Amino acid sequence: MALYTLPELPYDYAALAPVISPEIVELHHDKHHAAYVKGANDTLEQLAQAREEEAWSSINGLEKNLAFHLSGHILHSIYWRNMSGDGGGEPLEKDGVGELADAVAESFGSFAAFKAQLSKAAATTQGSGWGVLAYEPLSGRLIVEQVYDHQGNVGQGSTPVLVFDAWEHAFYLQYRNQKVDFIEAMWQVVDWQDVARRYAAAKERGDSLLLAP
Ligand SMILES: [Fe+2]
(Lines give C-alpha, C1' and ligand atoms only; values in the text may rest on other atoms or scores of the structure.)
Protein backbone atom coordinates (compact mmCIF):
# COMPACT_ATOMS: atom_id res chain seq x y z
CA MET A 1 0.00 0.00 0.00
CA ALA A 2 1.29 3.45 -0.88
CA LEU A 3 2.51 5.33 2.17
CA TYR A 4 2.31 8.81 0.70
CA THR A 5 -0.63 10.42 -1.06
CA LEU A 6 -1.05 13.65 -3.00
CA PRO A 7 -2.84 16.20 -0.80
CA GLU A 8 -5.79 18.08 -2.28
CA LEU A 9 -5.16 21.72 -3.10
CA PRO A 10 -6.82 23.94 -0.46
CA TYR A 11 -8.21 26.19 -3.27
CA ASP A 12 -9.09 25.94 -6.94
CA TYR A 13 -6.56 26.26 -9.74
CA ALA A 14 -7.40 29.92 -10.36
CA ALA A 15 -7.16 31.03 -6.72
CA LEU A 16 -3.61 32.39 -6.97
CA ALA A 17 -4.06 34.30 -10.25
CA PRO A 18 -2.71 36.61 -11.50
CA VAL A 19 0.42 35.84 -9.46
CA ILE A 20 0.38 32.18 -10.55
CA SER A 21 -1.75 31.17 -13.52
CA PRO A 22 -4.33 28.35 -13.22
CA GLU A 23 -2.42 26.38 -15.86
CA ILE A 24 0.75 26.41 -13.76
CA VAL A 25 -1.05 25.50 -10.54
CA GLU A 26 -2.78 22.56 -12.23
CA LEU A 27 0.35 21.17 -13.87
CA HIS A 28 2.51 21.84 -10.86
CA HIS A 29 0.18 20.07 -8.44
CA ASP A 30 -1.36 17.35 -10.59
CA LYS A 31 1.79 16.36 -12.49
CA HIS A 32 4.96 17.53 -10.74
CA HIS A 33 3.93 17.14 -7.11
CA ALA A 34 2.18 13.86 -7.97
CA ALA A 35 5.41 12.56 -9.50
CA TYR A 36 7.30 13.14 -6.24
CA VAL A 37 4.63 11.28 -4.30
CA LYS A 38 4.88 8.36 -6.69
CA GLY A 39 8.67 8.53 -6.62
CA ALA A 40 8.77 8.36 -2.83
CA ASN A 41 6.39 5.39 -2.75
CA ASP A 42 8.23 3.57 -5.53
CA THR A 43 11.58 4.08 -3.80
CA LEU A 44 10.24 2.72 -0.53
CA GLU A 45 9.07 -0.39 -2.38
CA GLN A 46 12.48 -0.80 -4.00
CA LEU A 47 14.17 -0.45 -0.63
CA ALA A 48 11.87 -3.09 0.86
CA GLN A 49 12.80 -5.40 -2.02
CA ALA A 50 16.50 -4.72 -1.48
CA ARG A 51 16.19 -5.64 2.20
CA GLU A 52 14.28 -8.78 1.37
CA GLU A 53 16.80 -9.94 -1.22
CA GLU A 54 19.79 -8.51 0.61
CA ALA A 55 20.63 -6.89 -2.73
CA TRP A 56 22.45 -3.68 -1.87
CA SER A 57 24.17 -2.78 -5.15
CA SER A 58 21.74 0.12 -5.71
CA ILE A 59 21.65 1.45 -2.15
CA ASN A 60 23.34 4.78 -2.95
CA GLY A 61 20.93 5.60 -5.73
CA LEU A 62 17.90 4.48 -3.74
CA GLU A 63 18.78 6.59 -0.71
CA LYS A 64 19.36 9.58 -2.98
CA ASN A 65 16.02 9.01 -4.70
CA LEU A 66 14.26 8.72 -1.36
CA ALA A 67 15.71 12.04 -0.17
CA PHE A 68 14.83 13.73 -3.48
CA HIS A 69 11.25 12.51 -3.87
CA LEU A 70 10.27 12.62 -0.22
CA SER A 71 11.69 16.14 0.20
CA GLY A 72 9.89 17.16 -3.00
CA HIS A 73 6.63 15.84 -1.60
CA ILE A 74 7.12 17.57 1.75
CA LEU A 75 8.17 20.94 0.31
CA HIS A 76 5.28 21.03 -2.16
CA SER A 77 2.81 20.06 0.59
CA ILE A 78 4.01 23.10 2.56
CA TYR A 79 4.13 25.31 -0.56
CA TRP A 80 0.43 25.00 -1.42
CA ARG A 81 -0.60 25.78 2.16
CA ASN A 82 1.82 28.72 2.38
CA MET A 83 -0.17 30.53 -0.32
CA SER A 84 -3.58 32.16 -0.45
CA GLY A 85 -5.42 34.41 -2.87
CA ASP A 86 -6.01 36.67 0.15
CA GLY A 87 -2.36 36.67 1.19
CA GLY A 88 0.42 39.21 0.92
CA GLY A 89 1.72 42.11 2.95
CA GLU A 90 3.79 41.29 5.99
CA PRO A 91 3.12 39.57 9.33
CA LEU A 92 1.64 42.09 11.79
CA GLU A 93 0.65 41.97 15.45
CA LYS A 94 -2.87 43.18 14.62
CA ASP A 95 -3.44 40.13 12.42
CA GLY A 96 -2.59 37.75 15.26
CA VAL A 97 0.82 36.82 13.92
CA GLY A 98 2.88 39.05 16.18
CA GLU A 99 5.06 36.21 17.46
CA LEU A 100 6.20 35.43 13.93
CA ALA A 101 6.74 39.15 13.19
CA ASP A 102 8.92 39.46 16.31
CA ALA A 103 10.94 36.36 15.39
CA VAL A 104 11.55 37.71 11.88
CA ALA A 105 12.71 41.05 13.25
CA GLU A 106 14.92 39.40 15.86
CA SER A 107 16.46 36.93 13.42
CA PHE A 108 17.01 39.22 10.43
CA GLY A 109 16.96 42.79 11.80
CA SER A 110 13.77 43.76 9.98
CA PHE A 111 11.06 42.38 7.71
CA ALA A 112 12.60 44.24 4.78
CA ALA A 113 16.01 42.63 5.40
CA PHE A 114 14.41 39.19 5.67
CA LYS A 115 12.42 39.74 2.48
CA ALA A 116 15.56 40.80 0.65
CA GLN A 117 17.50 37.74 1.84
CA LEU A 118 14.80 35.19 1.01
CA SER A 119 14.11 36.83 -2.36
CA LYS A 120 17.78 36.79 -3.25
CA ALA A 121 18.28 33.20 -2.06
CA ALA A 122 15.30 32.00 -4.12
CA ALA A 123 16.12 34.01 -7.22
CA THR A 124 19.77 32.98 -7.37
CA THR A 125 19.30 29.21 -7.12
CA GLN A 126 21.57 27.61 -9.69
CA GLY A 127 19.55 25.06 -11.64
CA SER A 128 16.66 23.81 -9.53
CA GLY A 129 15.99 24.73 -5.94
CA TRP A 130 14.02 26.58 -3.31
CA GLY A 131 14.32 29.59 -1.05
CA VAL A 132 13.21 28.53 2.43
CA LEU A 133 12.52 30.26 5.73
CA ALA A 134 13.22 27.69 8.43
CA TYR A 135 13.16 27.45 12.21
CA GLU A 136 16.56 26.38 13.53
CA PRO A 137 16.15 24.77 16.96
CA LEU A 138 19.71 25.08 18.33
CA SER A 139 19.64 28.87 18.19
CA GLY A 140 15.87 29.18 18.40
CA ARG A 141 16.06 31.56 15.47
CA LEU A 142 14.77 31.69 11.93
CA ILE A 143 17.20 31.20 9.06
CA VAL A 144 17.00 31.37 5.28
CA GLU A 145 18.18 28.31 3.39
CA GLN A 146 18.92 28.06 -0.34
CA VAL A 147 17.93 24.47 -1.03
CA TYR A 148 19.48 22.57 -3.97
CA ASP A 149 16.95 20.38 -5.79
CA HIS A 150 14.66 19.51 -2.87
CA GLN A 151 17.12 18.22 -0.31
CA GLY A 152 20.58 19.74 -0.58
CA ASN A 153 22.23 22.56 1.37
CA VAL A 154 19.89 22.08 4.33
CA GLY A 155 20.78 22.45 8.00
CA GLN A 156 19.86 19.26 9.86
CA GLY A 157 16.99 19.66 12.29
CA SER A 158 15.68 22.88 10.78
CA THR A 159 11.99 23.00 9.91
CA PRO A 160 10.72 24.82 6.80
CA VAL A 161 7.91 27.27 7.55
CA LEU A 162 7.78 29.29 4.30
CA VAL A 163 8.97 27.90 0.99
CA PHE A 164 9.42 29.55 -2.42
CA ASP A 165 9.63 27.07 -5.26
CA ALA A 166 12.26 28.36 -7.68
CA TRP A 167 12.21 25.42 -10.10
CA GLU A 168 11.43 26.47 -13.67
CA HIS A 169 8.22 24.38 -13.60
CA ALA A 170 6.91 26.82 -10.96
CA PHE A 171 6.96 29.86 -13.23
CA TYR A 172 8.28 29.33 -16.76
CA LEU A 173 4.94 29.10 -18.60
CA GLN A 174 3.98 32.51 -17.27
CA TYR A 175 7.18 34.38 -16.42
CA ARG A 176 9.51 32.78 -19.00
CA ASN A 177 13.08 33.41 -17.88
CA GLN A 178 12.17 36.21 -15.44
CA LYS A 179 12.68 34.31 -12.19
CA VAL A 180 13.30 37.53 -10.24
CA ASP A 181 9.86 38.87 -11.26
CA PHE A 182 8.19 35.62 -10.21
CA ILE A 183 9.84 35.64 -6.79
CA GLU A 184 8.88 39.29 -6.27
CA ALA A 185 5.26 38.50 -7.19
CA MET A 186 5.19 35.50 -4.82
CA TRP A 187 5.12 37.84 -1.81
CA GLN A 188 1.59 38.87 -2.84
CA VAL A 189 0.20 35.42 -2.07
CA VAL A 190 2.04 34.49 1.13
CA ASP A 191 -0.44 33.35 3.77
CA TRP A 192 1.13 34.67 6.98
CA GLN A 193 -1.44 32.90 9.13
CA ASP A 194 -0.19 29.58 7.77
CA VAL A 195 3.47 30.57 8.22
CA ALA A 196 2.77 31.65 11.81
CA ARG A 197 1.09 28.32 12.61
CA ARG A 198 4.07 26.44 11.21
CA TYR A 199 6.49 28.62 13.15
CA ALA A 200 4.65 27.98 16.44
CA ALA A 201 4.54 24.22 15.80
CA ALA A 202 8.22 24.06 14.79
CA LYS A 203 9.24 25.98 17.90
CA GLU A 204 7.34 23.61 20.15
CA ARG A 205 8.75 20.54 18.44
CA GLY A 206 12.28 21.97 18.27
CA ASP A 207 12.52 22.05 22.05
CA SER A 208 11.93 18.31 22.28
CA LEU A 209 14.50 17.62 19.55
CA LEU A 210 17.22 19.02 21.78
CA LEU A 211 16.30 17.31 25.03
CA ALA A 212 19.32 16.08 26.93
CA PRO A 213 19.44 12.27 27.48
FE1 LIG B 1 7.74 22.49 -7.74
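Q: Why is Asp-165 called buried in this predicted model?
A: Buried means under 20% relative accessible area, and Asp-165 has 1% relative accessibility, so Asp-165 counts as buried.

Q: What makes Asp-165 a donor of the iron ion?
A: A donor is an N, O or S atom within 2.8 Å of the metal. The OD atom of Asp-165 belongs to the protein donors, together with the NE2 atoms of His-28, His-76 and His-169, and these donors lie 1.9 to 2.2 Å from the iron ion, so they meet that cut-off.

Q: Why is the site of the iron ion called irregular?
A: Four donors count as tetrahedral if all angles lie between 85 and 135 degrees. Among the four donor atoms of the iron ion the angles run from 89 to 136°, so the upper value falls outside that range and the site is irregular.

Q: Why does the pair His-76 and Asp-165 tie together parts that are apart in sequence?
A: His-76 lies in helix 2 (residues 59-82), whereas Asp-165 lies in strand 3 (residues 159-165), so the pair ties together parts that are 89 residues apart in sequence.

Q: How do you know whether His-150 is buried or exposed?
A: Because buried means under 20% relative accessible area, the 3% relative accessibility of His-150 places this residue among the buried ones. His-150 lies in the loop between strand 2 (141-148) and strand 3, and residues touching it include Tyr-36, Phe-68 and His-76.

Q: What makes the link between His-150 and Trp-130 a polar contact?
A: A polar contact needs a pair of N or O atoms within 3.5 Å, and the side chains of His-150 and Trp-130 are joined at 3.0 Å, so the distance meets the cut-off.

Methods. Residues are numbered from 1 along each chain as its sequence is written. This is a predicted model: local features need pLDDT of at least 70, side-chain atom pairs count only at pLDDT 80 or more; totals for chains, interfaces and linings use all residues. Side-chain values use heavy atoms; hydrogens and water are left out. Donors are N, O and S atoms within 2.8 Å of the metal (3.2 Å for Na, K and Ca); water is not among the atoms, so sites may look incomplete. Four donors count as tetrahedral if all angles lie between 85 and 135 degrees; four count as square planar and six as octahedral if opposite donors are over 155 degrees apart and all others between 65 and 115; anything else is irregular. Helices (H or I, at least four residues) and strands (E, at least two) are DSSP runs, numbered from the N terminus. Buried means under 20% relative accessible area, exposed over 50%, partly exposed in between (1.4 Å probe, protein chains only). A polar contact is a pair of N or O atoms within 3.5 Å; within protein, one must be able to donate a hydrogen and the other to accept it, and residues adjacent in sequence count only if both atoms are side-chain atoms. Contact means heavy atoms within 4.5 Å. Lists of a residue's contacts leave out its neighbours within four places in sequence.
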